[in-house]
Amino acid sequence: MKLSSFLLIILITFNFTNLNSEENNDKIKNKISKNIRCLICQGQSVYDSQSDFAVSIKLIIDKKLNEGLNENEIYDFLKKQYGEWISYDPEFNKKTFILWILPILLFVIGGAIILRKFIVQKL
Amino acid sequence: MKNKIILSVLVLFFTFCFIVLYKGLNNSNIYVPETKIEKTLIKFNSTDLYSENKISSDQIFVGSEYYVLNIWASWCVPCRAEHPKLIKLSENKSIKLIGLNYRDNPKNAKKFINEFGDPYFMIIKDNQGIISVDLGAIGVPETFIIDKDKKIIKRFLGSLTEKSLNEINLITK
């Protein structure tokens, strides 16, 4: 009786672990597909799109996750196949540096102007 | 004087922004991937449409100087328009023309071939579209020129035209 209860507990725990890992995989899959642009209906992410391309990409994300690849490795694979444009999160490189630096630059310059005015007014 | 300088800088800045944005209006917002690519083919496994035999990419891409891989489907309307071009291309004996049947019903695919003719040396299936993603394809029809070292040297997005046929014949001469 004790042994059967013990086995039952082990079985339940094992099943829950499996369920958890599946849930985890689904979460990562959804996260990746939300960050990947559908190249057929370009206003939508792969997650939102129902095009054949998006369906294939979702399948490939699933396949790569099952092969043991992590999130970044999957992004890298898709970028290698389709270019940087497929990602909604552009990397910092010579083509995108203005995109990243300009807001910071404007913030710093704007802040400096406001600060200067504030100091001048105080004096 | 100082105000004039600030005003001139502001005017210049906004003119610059206006020109950049105005020029951007004429740019296409449809992404077109690179057509000249130097990418090695990823190994894959597939099934022959007719014999249902499993076949690997190593068994497919063997014994020829150049291969032309055409992604097609019976449900794809532009593929019908493209088909006569492929029949014409099959006369080029220096290439092996391989058909990749994309997310299709085998019955419909065979019916399509019976109706329009079979230009392919071999037709393999891509039921889930995974092989096409491995190739970097975004849809159908799409055509790739692959050399004997299994390097993709050129891709054609959409239906093949007379111009693209000439280009393929020139490359594979």
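Here is a short conversation about a predicted model with chains A and B.

Visitor: Happy to be here! What is the pattern of secondary structure along chain A?
Guide: Welcome! Chain A has zero strands and four helices. Reading along the sequence, the pattern is therefore written with helix symbols alone, and for chain A it is α-α-α-α.

Visitor: Which helix of chain A gives the largest share of the side that touches chain B?
Guide: On that side, 15 residues of chain A are in contact with 12 residues of chain B. Two elements of chain A give two or more residues each: helix H2 (52-66) and helix H3 (71-82). The largest share, eight residues, comes from H2(A).

Visitor: How do the residues on that side of chain A divide into nonpolar, polar and charged?
Guide: Two of them are charged and four are polar. The nonpolar residues number nine.

Visitor: How far apart are the end C-alpha atoms of helix H4 of chain A, and what span should the helix have?
Guide: Helix H4 covers residues 97-122 of chain A, which is 26 residues. At 1.5 Å a residue, the helix should span 38 Å. The computed distance agrees with this, since the end C-alpha atoms are apart by 37 Å.

Visitor: Is H4(A) largely in the open or buried?
Guide: A residue counts as buried if 20 or more other C-beta atoms lie within 10 Å of its own. Of the 26 residues of H4(A), zero are buried, so the helix lies largely in the open.

Visitor: What percentage of chain A is buried?
Guide: Chain A has 123 residues. The buried residues make up 15%.

How values were computed
Residues are numbered from 1 along each chain as its sequence is written. Chains are lettered from A and ligands numbered from 1 in the order in which they are written. This is a predicted model: local features need pLDDT of at least 70, side-chain atom pairs count only at pLDDT 80 or more; totals for chains, interfaces and linings use all residues. Two residues are in contact if their C-beta atoms, placed from the backbone, lie within 7 Å. Ala, Val, Leu, Ile, Met, Phe, Trp, Tyr, Cys and Pro count as nonpolar, Asp, Glu, Lys and Arg as charged, and the others, Gly among them, as polar. A residue is buried if 20 or more other C-beta atoms lie within 10 Å of its own, exposed if 12 or fewer, and partly exposed in between; C-beta atoms are placed from the backbone. The expected span of a helix is 1.5 Å times one less than its number of residues.
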